[in-house]
Amino acid sequence: MRVGDVAEHRRSRNGPIGFLGVRLKNLRIDSLESAPLIRIVFGLISSLGILMALGTVLARNLVHAALFLVAFFFIIACQFVLLEAEFMAAMQVLVYIGAVAIILMFGIMLTRNIQGDETTGGHWVRKVPAAVVAVALLAILIAGIVEEKPVAGRDAWSSIQVRPEPISKNGRDPGVDGRSIAIADMSRSVGNEMLQRFMIPFEVAGLLLTAALIGAIALAQSDEKEDYPRLGASVDVRGGTTLDPAAGGGVKTHNNGSIHAAGSLTVLKLSPASDTTQP
Amino acid sequence: MNLAFSTAWPVLWAQQATQTAWLDEPMLLGISRQWVIWIAWLALGFFGLFPGIVAYMVWAERKVAARFQDRIGPNRVGPLGLLQPIADAIKLITKENIVPGSADKVVHLLAPVLLLVSAFLTLAVIPFGFGGKVGNRLTGLTPIDLPSGLLYLIAVSSMSSLGIFLAGWASRNKYSLLGAMRAVAQLVSYEVPQVLATVPIILWTGSLSLVAILNHQVEFGWFIFSPPGFMAFVLLTIANIAEVNRTPFDLPEAESEIIAGYHTEYSGMRFGLFFLAEYLSVFSVSCLGTILFLGGGSLPLFDLRDLLSDNTTSFVFVNAITVGVFSVKVILYVFLMFWIRATLPRMRVDQLMAFAWKMMVPLSIINILIAAIWQEVVVGHNLNYIPVFGDTFRGWLVTVPLEIVAVFLVFWIHRVTREDSAPALASARRPAASLVR
Amino acid sequence: MILTQYIFVGLLLLGAIGFALAPLAVVLLVAPVKRSKSKSDTYECGVLTTGETWIRFRIQYYIYALMFVVFDIETVFLYPWAVAYGGLGTFALIEMVVFLALLSVGLAYAWAKGVLRWV
């Protein structure tokens, strides 16, 4: 393998990419007409995405529905990759699969009816208006995409087949393809735009995040005053009493050596766990 | 120089990416070279590297733990017990696969697969060695060099918390679910400082590519040799240990409280998959720590790039050395984790969460700002190994006191606001109260 | 080019799924299957399981997850900032200090409200 001398092999922008020996001409994502493989992949992924979306709506079990939604998030990440926006794809996975999926699951654990016998489905009186609203929303979105008015001097984005070259402030480096730099360095472009052009929205986003956090905490704190058991999970035993399966930090000790149980539990199990032994 | 590096990198990266025609040349049976290289990586990974690493990491951990406890460890199967992992694998495969009757069967199967996938995907971007050289820049011995490789790595490793939750939920066992809820709460809490600890590196390198980070360290010195870098390394290491659920952060599988936590209802090979995923993640977080802070495969004070020339022999030679150096660093990092496991007792769950949110998160946020100051002071100059005179010295002069103040501030605030000691302190402000603990 | 790199990610994904499922397939062939009523019971230390397992958990888990989401989105902003910082200079630093200060207010509020205390 000769690694050093890659410089002599300059390849043209529309160079072919070998795919298991089949050398497809013009296999490029930005020209969809001339890239049959990409079209096939796009079609496959998108139809899988639609299936996942249907699964989200139709699954009766809440965790299953959330899982379908997570699969759909993953499909979105794949779409970002197909658009060569891999920074966005990684962000999609990090935020949606890594974080939003967790908050969904924990949200589900706050509900009583995970199996979803009553929450999903329902009478046709509810189903029909829901279907009408869904179809209307789809119609509005399609109309919005098709009827989009282009900016003066440019094509409407819905009609663009070939991605335009990004315009750099300093002019293009003649040695390097401008598009490749923009793609290879997407995080920098995002950062530059965010800190210069979109400075105010960026700070407002910070404010919004803080507001969301404070709002959620304020709501949850008022919840806390209800008669919740305060340790781990609670289990409703058929007799109606509440008992606590050995949850972490079952017993708290203070510096003065006194032991007291946190919360308002009726039954407290002392286990020989390391966290209950104190000097 | 530093600034020039960070802005020049993407241009070079793009040039490199466009100059890959040689990868498209047919090599074997009409398959292009790129595909031959990738298939070689996959074959090496799946049939040699990954099972081997996991098997012998388990063996090493048992041996190390045994030595710490004044025992001998596995020594029956083969010389030094070296065949023990193979015996274990055979045992796991021939055991019955028991799925509880009330479990959610599909999700029960999906959970370990998701965990293992997340552990495997992280390893795609790690440069294990120097690779080739274009100009004065290394291409990195890595399957792929993504422009946002670090973000990719963190993103796919964050998928594991979902896998753990699903394992606990699908088992439909109270202990499993409790373990899973705890595990996820812990994982998400420690992921915040883990991610924040990597920000200084990106700040200095100006790129998310792990190969760019390797290049920067080969050029200017390892990142651990600066006060904010050292602090970030410590934070990352603590968060890494918590992310892979190892002692002192192994509450999700605290045997004395919740049987085995989220994998209580997994037996036989399905349990084996959890085992595999855990040790693979130990390996991948060790690789992450090594590549971010310990200079990857580079040696201090000796530039291995000079040995690289255009011929294949030098390529093989240099990469053998750099992979060796990289492995030594990873082994030391893993040993550190074994050591910590053998030494420290398990934390209490409230201490665990308080430590993440009240100490590590504030500290890592402050550390990012100190890293920015370091960038301002030392920018354009080497991040040297030792605080010599000049800008690096000035950087040390400014940042070391800041780091010390930050640590003391965070510890002090944590101390005065500590809830569990507040009543005791309020009732009687005894000076001895702090000594009892 | 980026797309070609991700072909490897796809291959690795498929390989990892195969790597996970292959031993399970071997288990199907090799391992004994002896089903029994008590074997497929939920294992809770030998005591029969009582009541429903999928019950309501308390809100604190949710609050932690929410704080995680907030700080995760913070990284979404921090990473591009860190990449672009070298070329932008002190003004970018001030912007980020303001942003981090805003988020720290949220963390401080959670701290003051006692949400960070695990009970």
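**Notebook: chains A, B and C**

I looked up the neighbours of Q84(B) and found contacts with R62(B), P74(B) and V77(B), residues up to four places away in sequence being left out; contact here means heavy atoms within 4.5 Å. I worked on a predicted model, in which local features need pLDDT of at least 70, side-chain atom pairs count only at pLDDT 80 or more, and totals for chains, interfaces and linings use all residues. Residues are numbered from 1 along each chain as its sequence is written, chains are lettered from A and ligands numbered from 1 in the order in which they are written, and side-chain values use heavy atoms, with hydrogens and water left out.

**Chain B**

I placed Q84(B) in helix α4, residues 84-93. Helices (H or I, at least four residues) and strands (E, at least two) are DSSP runs, numbered from the N terminus. Q84(B) has 14% relative accessibility and therefore counts as buried. The cut-offs are under 20% relative accessible area for buried, over 50% for exposed, and partly exposed in between (1.4 Å probe, protein chains only).

I then turned to the whole of chain B and noted 17 helices and four strands. Of its 437 residues, 64% are buried. Among its contacts with a separation of 6 or more, 76% are between residues 24 or more positions apart. I recorded an accessible surface of about 15300 Å² for chain B, 72% of it belonging to carbon and sulfur atoms. Such areas come from the Shrake-Rupley method with a 1.4 Å probe; for residues, only the protein chains shown count as cover.

I also checked backbone angles. Most residues other than glycine have a negative phi. D70(B) is not a glycine, yet has a positive phi of about 60°. I located D70(B) in the loop between α3 (33-68) and α4 of chain B. It counts as exposed because its relative accessibility is 72%. R172(B), also not a glycine, has a positive phi of about 55°. I found R172(B) in the loop between α7 (160-171) and α8 (174-205). With 17% relative accessibility, R172(B) counts as buried.

**Chain A**

I looked up V100(A) and found it in helix α3 of chain A, residues 86-109. Beyond four places in sequence, V100(A) touches F73(A), V95(A) and, in chain C, V69(C). I noted 8.9 Å between the C-alpha atoms of V100(A) and V70(A), which stand 30 residues apart along the chain.

**Chain C**

I read three helices and zero strands in chain C, in the order α-α-α along the sequence. The chain is divided into domain 1 (1-33) and domain 2 (54-119), with bounds from an automatic or database domain assignment. Their C-alpha centres are 36 Å apart.

I compared the radius of gyration of chain C, 25 Å, with the value near 14 Å for a compact globule of 119 residues. The radius is taken over C-alpha atoms, and the globule rule is 2.2 Å times the number of residues to the power 0.38. The C-alpha trace spans about 70 × 50 × 15 Å along its principal axes.

I found 55% of the 119 residues of chain C buried. Of contacts between residues at least 6 apart in sequence, 62% join residues at least 24 apart. The accessible surface of chain C is about 4800 Å², with 71% from carbon and sulfur atoms.

I closed with charges: chain C has 8 positive and 6 negative side chains, and the centres of the two sets lie 14 Å apart. Lys and Arg count as positive and Asp and Glu as negative, while His and the chain ends are not counted; each charge is placed at NZ of Lys, CZ of Arg, CG of Asp or CD of Glu.
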